[in-house]
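Grab a pencil and work through these exercises with the structure open beside you. Try each task before you read its solution.

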Amino acid sequence: MLQNPPTFRWIHKLMEQHNSPIICIRLGRATHVIVVSSSIIACEFLKTQDEIFASRPESLSGYLISDGFRATIMAPLGNQWRMMRRILNQSILSLPIHKWLQPKRDEEADHLLSYINNQIEKQNSVTEGGLINIRIVSQQFCGNVIRNMIFGTRFFREGTVKKAVVAGYFIPKGSHVLISRLGLGRNPDVWKDLMWFDPDPHLCEEGKQVVLTDNELRMLSFSTGKRGCPGVILGSTITTMLLARMIQGFTWEMPYDKSANKLVENYDDLHMAKPFVAIAKTRLPQYLYPKI
Ligand code: HEM
């Protein structure tokens with residue numbers, strides 16, 4: 001495993017070799033790491049038997065990162081976690097606070113418009129449009145909206161509080177369960193054409209409103225259950241606001257150099273190897289672009 005980084009690719013190769021949607025890797029004498037790549041089995045861990053798997057392993061790295069397990073994401077199931085979740089749900093991420101903070105999000109969206117407009121002007125080409133690095137724009141927007149808020153890993157989950165049987169497999173007490181974002185999102189039993197983005201499955205029938213949560217875990221967006229993301233509303237608002245304001249404010253075209261965007265992913269993580277770039281042209285009267 002250590003000789004063949006990155007670990008997640010090594011794990012997936014192992015799963016392919018064993019042709020299994022769930023495997024157990026034993027680290028040392030007593031640590032069992034259970035990896036899951038099927039949405040049906042993931043639902044059993046995160047929904048049916050959530051009570052057993054909703055804790056976190058007590059690792060030294062987790063302890064150091066979270067200042068002694070004080071942060072919600074790393075905290076094992078217990079009073080500290082319960083208290084932090086209550087504070088988050090009632091005082092930080094509640095609906096009234098979310099509404100109250102709307103002007104702050106609008107301010108950031110204005111910065112976004114102003115930034116792209118400035119980039120176009122800087123490239124001296126209001127009619128031709130300007131080349132925009134979508135990765136930088138999105139990262140800066142999201143980062144600015146949630147600055148001062150909590151970050152954490154979105155891949156690992158749980159140290160079991162007792163032994164269990166899931167999908168017919170015995171899971172020892174204390175196992176670390178990894179629900180694989182890659183395994184779920186690219187499961188050939190669920191998705192027809194794995195590498196082709198088809199928006200239809202993400203649209204609800206009624207009014208066709210986009211939902212970013214997936215309760216059936218066919219992809220791991222916000223997860224679910226006790227340890228599911230408490231920032232669903234904020235996260236969804238930030239994401240849709242980013243897209244909406246970019247589409248409202250500008251028309252977008254592929255760069256003249258077609259080879260600039262190669263949809264190839266990094267080997268070491270799931271980011272694209274190179275940021276996506278596109279040409280933005282203003283589509284509203286100039287006075288509507290905030291000058292910041
Ligand atoms: C699009 C944006 C977001 C996505 C995709 C996302 C995704 C996730 C996922 C998958 C988990 C579960 C991790 C696990 O089961 O181990 C999680 C947990 C968490 N998220 Fe988010 N999240 C987003 C935005 C946010 C925001 C805006 C906040 C707060 C400001 C937030 C705060 C948290 C916290 C505190 C947890 C840990 C919950 C716990 O352990 O009880 N997230 N998130």
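**Exercise 1.** At roughly what angle do the axes of H7 and helix H8 cross?

*Solution.* Keep in mind that you're looking at a predicted model.

Step 1: find H8 at residues 134-146, then look at how its axis passes that of H7: the two come within 10 Å and cross at roughly 155 degrees.

Step 2: turn the angle into a word. Angles over 145 count as roughly antiparallel, so H7 is roughly antiparallel to H8.

Step 3: add the hand, which is right-handed for H7 and H8.

Step 4: list who meets whom. H7 brings Arg105, Glu108, His111, Leu112, Tyr115 and Ile116, and H8 answers with Val137, Phe141, Asn144 and Val145. Sorted by class, this contact of H7 with H8 has six nonpolar, two polar and two charged residues.

**Exercise 2.** Now take H7 and H10: which residues make the contact between H7 and H10?

*Solution.*

Step 1: locate the helices. H7 covers residues 102-122 and H10 covers residues 232-249; their axes come within 10 Å and cross at roughly 40 degrees.

Step 2: name the arrangement. An angle of roughly 40 degrees is neither under 35 nor in the range from 65 to 115, and H7 and H10 are therefore oblique to each other. The crossing of H7 and H10 is right-handed.

Step 3: read off the contact. On the H7 side you'll find Arg105, Ala109, Leu112, Leu113 and Ile116, and on the H10 side Thr237, Met241, Arg245 and Gly249. Here the classes come out as five nonpolar, two polar and two charged residues.

**Exercise 3.** Is H2 mostly covered or mostly open, and how many of its residues are buried?

*Solution.*

Step 1: count. Seven of the 10 residues in H2 are buried, so H2 is mostly covered.

Step 2: name them. The buried set is Ser39, Ile41, Ala42, Cys43, Glu44, Phe45 and Leu46.

Step 3: see what they pack against. The partners of these buried H2 residues are strand S1 (22-27), S2, helix H3 (50-53), strand S5 (164-166), S7 and helix H9 (181-185).

**Exercise 4.** Which members of the largest nonpolar core touch the most other members?

*Solution.*

Step 1: the core has 20 residues, and the ones that touch the most other members are Val36, Ala42, Phe45, Val177 and Ile179.

Step 2: ask where the core comes from. Two or more residues are given by each of strand S2 (31-36), helix H2 (39-48) and strand S7 (176-179). H2 gives the most, with five residues.

Step 3: look for a second core. Another one, of 13 residues, lies apart from it, and Ala109, Ile116, Val145 and Ala278 are among its members. You've met some of these names already: Ala109 and Ile116 are on the H7 side of the contact with H10, and Val145 is on the H8 side of the contact with H7.

**Exercise 5.** Compare two loop residues. Is Asp67 buried or exposed, and is Phe69 buried or exposed?

*Solution.*

Step 1: place them. Asp67 lies in the loop between helix H4 (60-65) and helix H5 (79-92), and Phe69 is found in the loop between H4 and H5 too.

Step 2: check the backbone. Phi is near 55 degrees for Asp67, a positive value in a residue other than glycine. For Phe69, phi is near 60 degrees, again positive and again not in a glycine.

Step 3: count neighbours. Asp67 has 9 C-beta neighbours inside 10 Å, so Asp67 counts as exposed. Phe69 has 20 other C-beta atoms within 10 Å, so Phe69 is buried.

**Exercise 6.** Which residues does Asn133 touch, leaving out those up to four places away in sequence?

*Solution.*

Step 1: Asn133 sits in strand S3 (residues 130-133).

Step 2: its contacts under that rule are Pro275 and Val277.

Step 3: with 14 other C-beta atoms within 10 Å, Asn133 is partly exposed.

**Exercise 7.** Where is the cis peptide bond that has an omega of about -5 degrees?

*Solution.*

Step 1: that bond joins Pro5 and Pro6.

Step 2: put Pro6 on the map: Pro6 lies in the segment before helix H1 (7-18).

**Exercise 8.** Zoom out: how many helices and strands does the chain have?

*Solution.*

Step 1: the chain has 10 helices and nine strands.

Step 2: of its 292 residues, 21% are buried.

Notes:
Residues are numbered from 1 along each chain as its sequence is written. This is a predicted model: local features need pLDDT of at least 70, side-chain atom pairs count only at pLDDT 80 or more; totals for chains, interfaces and linings use all residues. Axes are lines fitted to C-alpha atoms, for helices over the stretch in contact, and angles run from 0 to 180 degrees between N-to-C directions. Helices (H or I, at least four residues) and strands (E, at least two) are DSSP runs, numbered from the N terminus. A crossing is left-handed if the near helix is turned anticlockwise from the far one by less than a right angle, and right-handed if clockwise. Two residues are in contact if their C-beta atoms, placed from the backbone, lie within 7 Å. Ala, Val, Leu, Ile, Met, Phe, Trp, Tyr, Cys and Pro count as nonpolar, Asp, Glu, Lys and Arg as charged, and the others, Gly among them, as polar. A residue is buried if 20 or more other C-beta atoms lie within 10 Å of its own, exposed if 12 or fewer, and partly exposed in between; C-beta atoms are placed from the backbone. A nonpolar core is a set of buried Ala, Val, Leu, Ile, Met, Phe, Trp, Tyr and Cys residues joined through C-beta atoms within 7 Å.
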